[in-house]
Amino acid sequence: MENKFIMSLSLNVLNHLGINLYSNIPAVLSEIVANSWDADAKRVDITIAEDQIIIEDDGCGMSADDINNKFLYVGYQKREESLESKIYHRKYMGRKGIGKLSMFSIAREVEVISKKEIRKAGAEGKCFEISGFRMNIDDIANVIKSEHSDSNSSSEYYPEVLQVEEDCIKETGTKIVLRKLKKLTTSLTPEYIKKRVARRFGIIGKEFLFSVYVNGEEVSISDRDYFHKLSYIWYFGNESQKYADFCENVSHKEERENIISCNGENYKITGWIGSVDASGDLKDGEDNLNKIVVLVRGKLGQEDILSEYSEGGLYSKYLIGEINADFFDDDTLDDMATSNRQEYRKDDERFIALKQFVQDELKYIQGKWTELRNESGEEKARELLPVIDTWCKSLQGDDKKYAKKMFGKINQIVADDDKKKEILKFSVLAFEKLKYAKHLSAIDNIEAENFEVFKDIFTGLDEIEATLYYQIIRERIEVIKVFQSITDENALEKVIQTHLFNHLWLLDPSWERVENTQYMETTVLNALNSEYNSLTSEEKAGRLDVGYRQTAGKHIIIELKRADRIVTTSEMIKQVKKYHDALNKVLSAIYQTNYSFEILFVLGRPIDNNDSIENRELVANILKPMNARVVYYQELIENAYKAYNEYIAANKQSQPLIDMFSQLESSMDD
């Protein structure tokens with residue numbers, strides 16, 4: 001039988017643009033849905049079954065020639081023939097013709113059936129052509145390997161022809177079946193797919209004549225499942241007001257400018273940036289919604305642009321957003337998407353222009369967010385603790401004004417209700433002392449992002465030991481003191497295992513909370529320990545422990561060396577590479593995208609026993625490309641102690657306020 005369908009590609013193409021193109025099911029389904037959009041489909045049905053995924057659309061379909069010359073032609077660029085679809089004049093989402101290979105990222109077998117209306121001379125009525133074929137990734141790989149030892153050379157693969165009935169598809173369209181699904185780390189449910197498809201597209205709904213269904217249920221913008229969480233929203237241009245209208249619980253809506261200038265051209269963007277009431281609201285299972293996505297031509301193009309900024313402000317932990325930047329895919333300009341099709345080249349002037357625009361907006365939002373949180377602080381304080389309401393009513397004149405400011409500042413720095421209650425209790429006591437000392441103006445100096453200023457208020461009290469802040473600092477000083485006993489080998493072992501991995505703030509002040517799940521910790525440590533066997537006896541003896549943590553959106557590997565261990569540069573590079581490769585492998589295998597990680601070595605002695613500035617800079621430059629760095633025990637102790645020791649220098653005559661605090665706490669617990 002003559003081969004009807006032909007696919008020609010190299011093993012490198014299959015590996016880099018197929019098997020490894022995407023790392024999660026929603027991203028792959030997005031490519032298929034995008035093809036349906038380009039094919040003028042009005043409806044796409046995604047069916048999630050136990051062992052397969054079916055995607056069927058009512059688009060224009062494909063003939064056998066189309067399948068060979070377009071679908072199976074890796075690298076086919078439809079925009080060279082036309083810049084928009086024939087029926088609805090939609091701007092094409094596809095550009096490079098490689099998205100279809102992404103199906104092999106999640107399935108080992110792909111079946112395609114397509115039906116297209118064709119013209120036949122002399123025929124009456126409509127005529128259709130229907131074609132079907134099946135591709136198997138193992139068969140493709142075997143063909144390539146058997147025909148060519150050179151992985152860069154091309155091979156021809158002939159998909160299996162399927163015998164299909166014309167009524168298999170009602171009118172026209174394409175049906176894709178993904179079988180032999182690869183092992184998943186996430187439970188594959190219709191609800192999971194609905195939510196993530198909704199988040200990856202901005203062109204779904206009647207407004208765009210494009211509907212997507214998952215197991216018979218229509219996907220809508222509400223399936224994004226985050227608009228109801230927003231308390232404030234800033235939207236770009238009048239066209240984006242619809243997003244604000246979706247937010248049923250917002251107390252602040254504000255329209256912002258939506259024109260970006262780049263190379264003398266003005267481009268319009270749409271979208272929004274919003275803020276939730278508590279940062280925990282942005283946790284959605286294993287997903288972290290604390291990001292601003294970029295959509296281009298209605299499809300997600302970049303997972304997060306917020307991560308491009310070193311935003312240390314508290315406000316940034318509460319943000320979520322979507323930016324529609326169609327000018328990223330201007331047909332008259334160069335393609336700025338990277339090879340993995342999941343982000344854009346950061347050196348492109350359009351990306352730089354958008355990044356600057358967003359940065360300016362973030363600066364504005366920071367000020368407005370602070371103002372709004374201040375305004376609602378007193379109301380939230382009264383709601384949380386009824387005794388606060390009674391106390392506020394007793395205040396007069398400027399005292400009332402300063403109390404409102406204080407509550408506003410507290411509302412900025414703490415979202416968790418239980419933590420807020422604790423701080424409110426101590427703050428009321430501090431306020432009373434400041435009022436007595438006629439020093440309430442000190443409250444004006446509070447900046448929510450600066451812990452130092454609380455010292456100006458609380459360390460000015462003789463009774464500081466009764467405040468929550470003193471308790472926190474005292475606990476941290478105790479941790480640091482334990483580290484000071486680091487020369488005692490037994491104590492060192494205990495410190496390493498019980499303190500450092502659970503007190504990441506010693507390594508980086510921004511690493512406050514550990515976020516990794518038990519599953520992630522087990523998975524990563526297993527991968528790292530598999531590398532342990534390849535270490536020399538000396539390397540094993542010199543290593544105290546290795547640990548994994550996840551915090552601030554980053555995966556962190558920490559290896560601790562004994563204090564007297566001297567590590568050479570070559571040894572360090574060798575171990576860093578092992579951890580670097582192992583972590584990359586694990587994170588890719590669990591279908592994560594845009595992950596970031598850092599590898600830290602905690603040492604007691606300088607690399608190569610050379611403590612010169614030149615050698616330290618040399619080592620830092622070598623390790624930086626592999627996301628690694630060295631931290632020395634002595635520096636860690638000195639820096640941490642310096643940062644916190646000054647807080648405990650105040651007078652500790654605290655009994656009067658302790659008695660007062662006990663009374664207040666008792667009344668609040670009633």
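**View 1. Strand β11 is mostly covered in this predicted model.**
Let us start with strand β11, residues 230-236, where seven of its seven residues are buried. On one side, β11 meets β15 through five bridges, and these two strands run antiparallel. Look for L230, which stands opposite V276 in β15. β11 also pairs with β12, this time in the parallel sense, again over five bridges. Here F236 has R256 of β12 as its bridge partner.

**View 2. A right-handed β-α-β unit links β11 and β12.**
Follow the chain from β11 into helix α6, which spans residues 241-246, and on to β12. Together, these three elements make a right-handed β-α-β unit. β12 itself covers residues 252-256.

**View 3. Six strands build an open sheet with mixed pairing.**
Strands of a sheet pair through backbone hydrogen bonds, either parallel or antiparallel. In this view, the strand order is β12-β11-β15-β20-β18-β19. Which strands sit at the edges? They are β12 and β19 (299-302), each of which pairs on one side only. Neighbouring strands in this sheet are turned by 20 degrees against each other on average, direction ignored.

**View 4. Strands β15 and β20 run antiparallel.**
Now zoom in on β15, residues 270-276, and β20, residues 319-324. How many bridges join β15 to β20? There are six of them. One pair to find is G274 with its bridge partner I320, which belongs to β20.

**View 5. Eight strands form another open sheet, also with mixed pairing.**
Reading across this sheet, you pass β7-β5-β4-β8-β3-β2-β9-β10 in that order. Its edge strands are β7 (160-161) and β10 (217-218), and each pairs on one side only. Within the sheet, β4 (residues 107-118) and β5 (residues 127-136) run antiparallel and are joined by ten bridges. Among the residues to look for is V112, whose bridge partner in β5 is F133.

**View 6. Two helices lie across strands of the eight-stranded sheet.**
Helix α3, made of residues 64-71, lies across β4 and β5. Its direction is at about 45 degrees to β5. Helix α5, residues 190-200, lies across β2 (43-48), β9 (211-214) and β10. What angle does α5 make with β9? The helix runs at about 160 degrees to that strand.

**View 7. L209 and N215 each have a positive phi.**
L209 can be found in the loop between α5 and β9. Its phi is positive, about 55 degrees, although L209 is not a glycine. Is L209 buried or exposed? L209 counts as partly exposed because its relative accessibility is 45%, and that class lies between the cut-offs of 20% and 50%. Move along to the loop between β9 and β10 and you will meet N215. N215 is not a glycine either, yet has a positive phi of about 50 degrees. With a relative accessibility of 35%, N215 also counts as partly exposed.

**View 8. Stepping back, the protein holds 19 helices and 24 strands.**
Of its 670 residues, 51% count as buried. The accessible surface comes to about 31800 Å², and carbon and sulfur atoms account for 46% of that surface. Among contacts between residues at least 6 apart in sequence, 72% join residues at least 24 apart.

Terms used. Residues numbered from 1 in each chain as written. Predicted model: local features only at pLDDT ≥ 70, side-chain atom pairs only at ≥ 80, totals over all residues. Heavy atoms only, no water. Pairing = 2+ DSSP bridges. Helix = DSSP H or I, 4+ residues; strand = E, 2+ residues; numbered from the N terminus. Axes fitted to C-alpha atoms, helices over the stretch in contact; angles between N-to-C directions. Buried < 20%, exposed > 50% of the residue type's maximum accessible area, 1.4 Å probe, protein only. Contact = heavy atoms within 4.5 Å. Areas by Shrake-Rupley, 256 points an atom, 1.4 Å probe, with all protein chains shown as cover. Right-handed = clockwise from strand over helix to strand, strands pointing away.
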